[in-house]
Amino acid sequence: MITKVTVRPNPFYTVLTLDVTCETNRNIIVRMFNEDGRIVKMFSWYLVKGTNVTAINELNNLENGLFVLDIIDNEGKVLFTTKLTKE
(Lines give C-alpha, C1' and ligand atoms only; values in the text may rest on other atoms or scores of the structure.)
Protein backbone atom coordinates (compact mmCIF):
# COMPACT_ATOMS: atom_id res chain seq x y z
CA MET A 1 0.00 0.00 0.00
CA ILE A 2 1.37 3.39 -1.05
CA THR A 3 0.64 5.97 1.63
CA LYS A 4 2.24 9.15 0.22
CA VAL A 5 3.55 10.40 -3.14
CA THR A 6 5.28 13.72 -3.82
CA VAL A 7 6.31 14.86 -7.30
CA ARG A 8 8.35 18.03 -7.49
CA PRO A 9 8.83 20.59 -8.92
CA ASN A 10 5.62 21.37 -10.72
CA PRO A 11 6.03 23.00 -13.17
CA PHE A 12 9.24 21.21 -14.13
CA TYR A 13 11.98 21.95 -16.66
CA THR A 14 14.53 19.13 -17.03
CA VAL A 15 14.12 16.79 -14.04
CA LEU A 16 11.44 15.57 -11.61
CA THR A 17 11.96 14.17 -8.13
CA LEU A 18 9.57 11.41 -7.09
CA ASP A 19 9.15 10.50 -3.39
CA VAL A 20 7.02 7.44 -2.64
CA THR A 21 6.24 6.14 0.85
CA CYS A 22 4.84 2.62 1.14
CA GLU A 23 3.95 0.15 3.89
CA THR A 24 5.49 -2.95 2.24
CA ASN A 25 8.13 -3.87 -0.32
CA ARG A 26 6.63 -3.97 -3.83
CA ASN A 27 7.30 -3.53 -7.54
CA ILE A 28 5.65 -0.62 -9.32
CA ILE A 29 5.74 0.91 -12.78
CA VAL A 30 6.02 4.67 -13.28
CA ARG A 31 4.75 6.00 -16.60
CA MET A 32 4.44 9.50 -17.95
CA PHE A 33 2.08 10.49 -20.80
CA ASN A 34 1.99 13.61 -22.96
CA GLU A 35 -1.23 15.44 -23.93
CA ASP A 36 -1.73 13.05 -26.88
CA GLY A 37 -1.75 10.03 -24.54
CA ARG A 38 1.66 8.82 -25.77
CA ILE A 39 4.02 7.38 -23.14
CA VAL A 40 7.15 9.55 -22.98
CA LYS A 41 8.79 7.88 -19.94
CA MET A 42 8.26 4.50 -18.31
CA PHE A 43 10.30 2.46 -15.85
CA SER A 44 9.85 -0.21 -13.20
CA TRP A 45 10.90 0.52 -9.63
CA TYR A 46 11.28 -1.77 -6.64
CA LEU A 47 10.05 0.05 -3.54
CA VAL A 48 11.16 -0.89 -0.05
CA LYS A 49 9.08 -0.30 3.05
CA GLY A 50 9.38 3.37 3.99
CA THR A 51 10.38 6.34 1.83
CA ASN A 52 11.84 5.86 -1.65
CA VAL A 53 13.26 8.70 -3.76
CA THR A 54 14.26 8.78 -7.43
CA ALA A 55 14.92 11.38 -10.09
CA ILE A 56 13.30 11.28 -13.51
CA ASN A 57 15.95 12.79 -15.79
CA GLU A 58 16.32 13.79 -19.42
CA LEU A 59 13.02 15.62 -19.66
CA ASN A 60 14.52 18.64 -21.41
CA ASN A 61 13.73 17.13 -24.84
CA LEU A 62 9.99 17.08 -24.08
CA GLU A 63 7.86 19.88 -25.49
CA ASN A 64 6.28 22.31 -23.05
CA GLY A 65 2.77 21.38 -21.99
CA LEU A 66 0.67 19.13 -19.79
CA PHE A 67 1.72 15.61 -18.75
CA VAL A 68 0.18 12.87 -16.63
CA LEU A 69 2.30 10.73 -14.31
CA ASP A 70 0.87 7.39 -13.13
CA ILE A 71 2.12 4.79 -10.70
CA ILE A 72 0.69 1.35 -11.45
CA ASP A 73 1.18 -2.12 -9.99
CA ASN A 74 2.23 -5.19 -11.98
CA GLU A 75 -1.42 -5.97 -12.78
CA GLY A 76 -1.98 -2.51 -14.29
CA LYS A 77 -4.03 -1.08 -11.41
CA VAL A 78 -3.46 2.67 -11.06
CA LEU A 79 -2.19 3.42 -7.55
CA PHE A 80 -1.51 7.15 -8.03
CA THR A 81 -1.96 9.75 -10.76
CA THR A 82 -1.13 13.44 -11.05
CA LYS A 83 -0.94 16.15 -13.71
CA LEU A 84 2.33 17.98 -14.35
CA THR A 85 3.31 20.97 -16.45
CA LYS A 86 6.58 21.45 -18.33
CA GLU A 87 7.68 25.02 -18.94
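Which residue in S7 does Phe 67 stand opposite? In this predicted model, the residue facing Phe 67 is Leu 84 in S7. The two belong to a pairing worth a look: S6 and S7 run antiparallel, with eight bridges holding the match between them.

That pair is part of a bigger arrangement. An open sheet is built from four strands in the order S4-S3-S6-S7, and the pairing is antiparallel. Strand S4 (39–47) and strand S7 (78–86) sit at the edges with a single partner strand each, so one side of each has no neighbour in the sheet. Going from one strand to the next, the twist averages 15°.

There is also an open sheet of three strands, ordered S1-S2-S5, again with antiparallel pairing. Here the edge places go to strand S1 (2–8) and strand S5 (50–56); each has a single partner strand, so one side of each is left without a neighbour in the sheet. Neighbouring strands of this sheet are turned against each other by 15° on average, if direction is ignored. S1 and strand S2 (residues 16–22) are antiparallel and joined by six bridges. One of the matches puts Thr 6 together with Asp 19, its bridge partner in S2.

Now for the largest pocket, which holds about 200 Å³ of space. Phe 67 turns up again here, since the lining includes Asn 34, Arg 38, Val 40, Asn 61, Gly 65, Leu 66 and Phe 67. Strand S6 (residues 65–72) gives the most to this lining, with three residues. Sorted by class, the lining is an even mix: four nonpolar, four polar and four charged residues.

Definitions and conventions: Residues are numbered from 1 along each chain as its sequence is written. This is a predicted model: local features need pLDDT of at least 70, side-chain atom pairs count only at pLDDT 80 or more; totals for chains, interfaces and linings use all residues. Side-chain values use heavy atoms; hydrogens and water are left out. On a 1 Å grid over the protein atoms alone, a cavity is a set of points where a 1.4 Å probe fits but cannot get out, and a pocket is an open set with protein on both sides within 12 Å along at least five of seven lines; lining residues have an atom within 4 Å of a point. Grid points are joined across faces, edges and corners, and a volume is the space filled by probe spheres set on the points. Ala, Val, Leu, Ile, Met, Phe, Trp, Tyr, Cys and Pro count as nonpolar, Asp, Glu, Lys and Arg as charged, and the others, Gly among them, as polar. Two strands pair if DSSP finds at least two bridges between them. Axes are lines fitted to C-alpha atoms, for helices over the stretch in contact, and angles run from 0 to 180 degrees between N-to-C directions.
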